[in-house]
Amino acid sequence: MDAVLRALAIYAFLFVVFRISGKRTLAQITTFDFVLLLIIGEATQQGLLGDDFSVMNAFVVIGTLILADIAMSLVQQRFPSLGRFVEGLPVVLIDNGEKVEHHMKKARVDEADILERARQSQGLERLDDVKFAVLERDGSISIVPRS
Amino acid sequence: MEIGEAQDTRFQEREWRVQRAGWVALAVFVIGATLGLFGPGPLSLSSVASSEGTLQVQYYRFARLGRDAMVTVTVAPDVVSDGVVDVWWNSPYLDEMKVNGVTPEPETVTGIDERVRYAFAAHPGDELTITFDLTPDGMWSKRAEIAVGDGTERVTYDQFIYP
């Protein structure tokens with residue numbers, strides 16, 4: 001029973017922590033963000049498994065985590081307004097060629113990040129070529145080029 | 001829209017049905033685990049007593065390989081003779097366990113035939129509670145036989161050990 005409770009508690013904690021850390025961390029924009037996520041995985045393991053290394057414990061913990069995830073997605077489907085608390089909303093960074101400085105600052109995304117994404121996804125050369133740039137809910141930046 | 005081979009509505013519908021059934025099975029599994037069906041926990045704690053009630057054993061009906069499953073043996077005062085209480089375990093069961101510790105510490109531990117005898121110093125007139133800290137080293141169905149004193153008062157329990 002405690003394996004189930006432990007898994008749920010850690011799932012809830014990680015959820016809250018990542019939600020408040022913002023979209024940047026999710027998207028692993030810097031090497032450090034990536035390293036952070038890597039070592040968080042290690043730190044979580046001890047809390048999840050405790051000193052029980054049996055196969056059954058692994059099954060119970062994994063089963064509980066997946067079930068919690070499925071339950072979350074079903075709840076969001078049933079109550080769409082809950083979606084914005086769980087996932088957040090997309091943030092417009094460049095609106096019709098104009099930089100939205102306030103949003104960029106709050107979301108901690110700078111021009112270089114947007115340019116990098118513009119080059120990678122659309123092969124654009126300059127910021128002028130970008131019509132819209134949106135920081136999506138999962139932390140990735142989507143680019144709509146100026147045609 | 002035609003995407004050829006990749007599109008097969010019947011298969012997709014079947015896949016979704018299987019998925020939903022899987023969710024239900026998963027929920028049943030997790031609820032079972034919460035109820036203590038798959039390992040030691042408050043809900044898999046059981047107790048059994050001997051016919052005269054002089055021996056009471058508290059154990060976990062379900063245990064896991066490599067995870068502590070304590071057994072508590074309570075002996076009534078009238079079994080104490082000469083300040084010593086003997087608690088007998090069947091070897092086939094104890095062999096499959098790692099004995100991490102026994103509280104209180106026994107005076108002697110002797111192997112006799114197919115049994116192990118733990119002798120404890122006891123205060124006459126006092127009930128004695130002994131905790132055996134065991135970690136299963138084997139798997140699947142196991143049967144334990146615990147006796148006290150001269151062996152007439154005995155208790156049996158079945159335990160299932162998950163891998």
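# Notebook: strands, helices and contacts in a two-chain model

I began with a strand pair in chain B, where S2(B) and strand S4 (residues 71-75) of chain B run antiparallel and are joined by four bridges. I count two strands as paired if DSSP finds at least two bridges between them, and I take helices (H or I, at least four residues) and strands (E, at least two) as DSSP runs, numbered from the N terminus. Within this pair I looked up Gln56(B), which stands opposite Thr74(B) in S4(B).

Before going on, I noted that this is a predicted model, in which local features need pLDDT of at least 70 and side-chain atom pairs count only at pLDDT 80 or more, while totals for chains, interfaces and linings use all residues. Residues are numbered from 1 along each chain as its sequence is written, and chains are lettered from A and ligands numbered from 1 in the order in which they are written.

**Entry: the five-strand sheet of chain B**

I followed the pair outward and found an open sheet of five strands in the order S1-S2-S4-S9-S6 (chain B), with antiparallel pairing. Strand S1 (45-49) and strand S6 (97-103) of chain B stand at the edges with a single partner strand each, so one side of each has no neighbour in the sheet. Neighbouring strands of this sheet are turned by 20° against each other on average, direction ignored; for such angles, axes are lines fitted to C-alpha atoms, for helices over the stretch in contact, and angles run from 0 to 180 degrees between N-to-C directions.

At the S1 edge, I read five bridges between S1(B) and strand S2 (residues 55-60) of chain B, which run antiparallel. Ser46(B) stands opposite Tyr59(B) in S2(B), and the bridge partner of Val48(B) in S2(B) is Val57(B). The hairpin of S1(B) and S2(B) has five residues between the strands, and there Gly53(B) takes a positive phi near 85°.

I also checked the loop between S6 and S7 of chain B, where Pro104(B) is found. The peptide bond from Thr103(B) to Pro104(B) is cis, with omega near 0°.

**Entry: the six-strand sheet of chain B**

I then traced an open sheet of six strands, ordered S3-S11-S10-S5-S8-S7 (chain B), whose pairing is mixed. Its edge strands are strand S3 (62-64) and strand S7 (108-112) of chain B, each of which pairs on one side only. Here neighbouring strands are turned by 30° against each other on average, direction ignored. Inside this sheet, strand S10 (residues 140-148) and strand S11 (residues 153-162) of chain B pair in the antiparallel sense over nine bridges, and I noted that Glu145(B) stands opposite Thr156(B) in S11(B).

**Entry: domains**

I looked up the domain bounds, which come from an automatic or database domain assignment. Chain A is given domain 1 (2-87) and domain 2 (91-145), and the C-alpha centres of these two domains of chain A lie 28 Å apart. Their contact takes seven residues from domain 1 of chain A and nine residues from domain 2 of chain A, with residues counted as in contact if their C-beta atoms, placed from the backbone, lie within 7 Å. Helix H2 (residues 23-27) of chain A gives the largest share of the domain 1 side, four residues.

Chain B is divided into domain 1 (4-34) and domain 2 (45-162), and 46 Å separate the centres of these two domains of chain B, taken over C-alpha atoms.

In chain A I also noted Asn96(A), found in the loop between strand S1 (91-95) and strand S2 (98-99) of chain A; its phi is near 55°, a positive value in a residue other than glycine.

**Entry: where chain A meets chain B**

I found 16 residues of chain A in contact with 19 residues of chain B. On the chain A side, the elements that give two or more residues are helix H1 (2-21) and helix H4 (55-78) of chain A, and H4(A) gives the largest share, nine residues. This side divides into 10 nonpolar, four polar and two charged residues, where Ala, Val, Leu, Ile, Met, Phe, Trp, Tyr, Cys and Pro count as nonpolar, Asp, Glu, Lys and Arg as charged, and the others, Gly among them, as polar.

**Entry: H1(A) against H4(A)**

I last looked at how these two helices lie, and their axes come within 9 Å and cross at roughly 45°. H1(A) and H4(A) are therefore oblique to each other, on a scale where angles under 35 degrees count as roughly parallel, over 145 as roughly antiparallel, 65 to 115 as roughly perpendicular and the rest as oblique. The residues of H1(A) that meet H4(A) include Ala3(A), Leu8(A) and Tyr11(A), and by class the contact of H1(A) with H4(A) has nine nonpolar, two polar and no charged residues.

Key
Contact = placed C-beta atoms within 7 Å.
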